[in-house]
Amino acid sequence: MIVVGWLDEFMWGSLVVLQIFFLALIMAVTWGLLGAAAKLSSNRAAKLTATVFTTIFRGTPELLVLLIIYFGSAITLTSIAQFFDPEVKFVDIPPLWAGSFAVSLIIGAYATETFRGAFQGVDPGTVEAARSLGISSTKTFFYVRLPQMWRLALPGFGNHMLSLVKDTALVSVIGLEEILFTADIATSVTIQPFTMYMVAALIYLGFTTVIMYGVRLMEKRANRHLEGGR
Amino acid sequence: MAQTEQDPIIRLKNVDKFFGDFQALKKVNLEVFKGQKVVVCGPSGSGKSTMIRCINRLESHDGGRILVNGIELNDSLRNIDAVRSEVGMVFQQFNLFPHLTAVGNLMLAPRLVRKKSKAEAREIAMRYLERVHIPEQADKYPVQLSGGQQQRVAIARALCMNPEIMLFDEPTSALDPEMIHEVLDVMVELANEGMTMICVTHEMGFARSVADLTVFMDAGEIVEAKPPQEFFENPEHERTRLFLSQILSH
């Protein structure tokens, strides 16, 4: 089997995918929560900012967002660096970070809408009850709103996580040696595109299967308080 | 401002409240003294709920003054949390936290507001669950409880903060008839222990047996406020008479 010789490369590629996944996931959840909070707030500037954010990042092709963020930041950084030292040729944000950041913005924009809908599904009476007990609004958010919202957000958010894993494949275009990049290289050496791309696809399928299973467990846990209801 | 025994624990002075153009409260005046039980009744939309929601500032009033326990309710946030932790509130729809067990519902505020340890909070919670006669339901989630049990958990949850005052906003209106008495029993016990209470309710039996003062509201105004005996036997205003005949006739 010719694949065996490439297994360690694929493994390193998988590690890169995992790194991007977790970095982008943390950032995407943050953007999503901030975006949802902004959209639901009564502050018009916050609302407008969130709307611009979701419009841009849901409305442009993901590959373009990635390229614009990577090269945009590189050009900006390079010109700043050249201002201080004209000898500098090229400065960029490490592709891992640029890629994770770009993907997180896209997924964060979708998550904003999912979280917004989920927050709206939380019974406002429970929030009033918490406030009437003297619980501060910040603590009410973390102990009453968030745990209830999470259950409603999970099905949609599970989809976002799957998109996120698959979007990591895009990051190969800015030179990050992830799974697709490895498959490209392997193909150019072995001239066996079908085999190599199948390996890449199977690895992705492995990741997404684990995520789907994980989401199912989380949903079960999040719904446990509804069991045996009357 | 100094608080003396003679001062009312709750004082509403010329309180106005608007929802857009609609005036929900019109120059409402009410004084409640420590240990008093006040029953508020009136047709729906008369401003009963709005009034008690203003007392713990779930709604903010637009005119007049509200003093609770010597603290004036205004836009200062610190005051509001202080007032809220002294004023328990029970809602028509129970409003239990669905993601927490009964005992978890009771433990949340003591832990977050009173900074009790988990063990202390649990001990307090179990004490109050016993007081509302459902310690055996401690580890159940709200959906697994009947309406009457849920409302008793909600009462216990408010009591865990050891409030000076309890507000009840139609606590039995969402209950099946056979469960009303178990909630009223708990409320009567609470009244007998000397709790200061304001109850919005149409349970006139409760008003007769427990209330010191019966308040009738209509169209955002307090029409009549009297001890229950006088209120039921000798209502002064036509509107009160009409309302009483409607709810007592069947």
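Student: In β10(B), which residue is the bridge partner of B:Asp218?

Tutor: B:Asp218 has B:Glu221 as its bridge partner in β10(B). Do keep in mind that this is a predicted model. The bridge belongs to a longer pairing: β9(B) and β10(B) are joined by five bridges in the antiparallel sense.

Student: How many residues lie between the strands in the hairpin of β9(B) and β10(B)?

Tutor: Two residues separate the strands of this hairpin, and B:Ala219 has a positive phi there, near 50°.

Student: Which strand does β9(B) run parallel to?

Tutor: That is β3(B), which is joined to β9(B) by four bridges and runs parallel to it. As a spot to look at, find B:Cys41, which stands opposite B:Phe216 of β9(B).

Student: How many of the residues of β9(B) are buried?

Tutor: For burial, look at relative accessible area; under 20% is called buried. By that reading six of the six residues of β9(B) are buried. Both faces of the strand are covered, with B:Leu213, B:Val215 and B:Met217 on one side, and B:Thr214, B:Phe216 and B:Asp218 on the other.

Student: Now a helix, please. Which residues of α9(B) are buried?

Tutor: In α9(B), residues 238-248, the buried ones are B:Thr240, B:Phe243 and B:Leu244. Look down the axis of α9(B) and you will see that these buried residues fall within an arc of 100°, so they line one face of the helix. They pack against β3, β9, β10 and α8 of chain B, which brings us back to the strands we have just discussed.

Student: What about a single position in chain A: is A:Ser14 buried or exposed?

Tutor: A:Ser14 is buried, because its relative accessible area is 12%, and the cut-off is under 20%. The residue sits in helix α1 of chain A. Leaving out residues up to four places away in sequence, A:Ser14 touches A:Ile179, A:Ile203 and A:Phe207.

Student: Back to chain B. In what order do the four strands of the open sheet stand?

Tutor: The order is β2-β1-β4-β5, and the pairing is antiparallel. In chain B, β2 and β5 stand at the edges with a single partner strand each, so one side of each has no neighbour in the sheet. Between β1(B) and β2(B) there are seven antiparallel bridges; one example is B:Val15, whose bridge partner in β2(B) is B:Val28.

Student: And how do I read the pockets? How much space lies in the largest pocket?

Tutor: The general idea is that a probe the size of a water molecule, rolled over the atoms, shows where empty space is left. Here the largest pocket holds about 500 Å³. Its lining has 18 residues, and those closest to the centre are A:Pro147, A:Arg221, A:Arg224, B:His99 and B:Leu100. The largest share of the lining, five residues, is supplied by α3(B), while α6 and α8 of chain A each give at least two. By type, the lining has 10 nonpolar, four polar and four charged residues.

Student: Which residues lie nearest the centre of the second largest pocket?

Tutor: Nearest its centre are A:Phe119, A:Val122, A:Pro124, A:Val127 and A:Arg145, from a lining of 16 residues. The volume of this second largest pocket is about 310 Å³. At least two lining residues come from each of α1, α4, α5 and α6 of chain A, with α5(A) giving the largest share, four residues. This lining splits into eight nonpolar, one polar and seven charged residues.

Methods:
Residues numbered from 1 in each chain as written. Chains lettered and ligands numbered in written order. Predicted model: local features only at pLDDT ≥ 70, side-chain atom pairs only at ≥ 80, totals over all residues. Heavy atoms only, no water. Buried < 20%, exposed > 50% of the residue type's maximum accessible area, 1.4 Å probe, protein only. Arc of directions from axis to C-beta. Contact = heavy atoms within 4.5 Å. 1 Å grid on protein atoms, 1.4 Å probe; cavity = no way out; pocket = protein on both sides within 12 Å on 5 of 7 lines; lining within 4 Å. Points joined across faces, edges and corners; volume = space filled by probe spheres on them. Nonpolar A, V, L, I, M, F, W, Y, C, P; charged D, E, K, R; others polar. Pairing = 2+ DSSP bridges.
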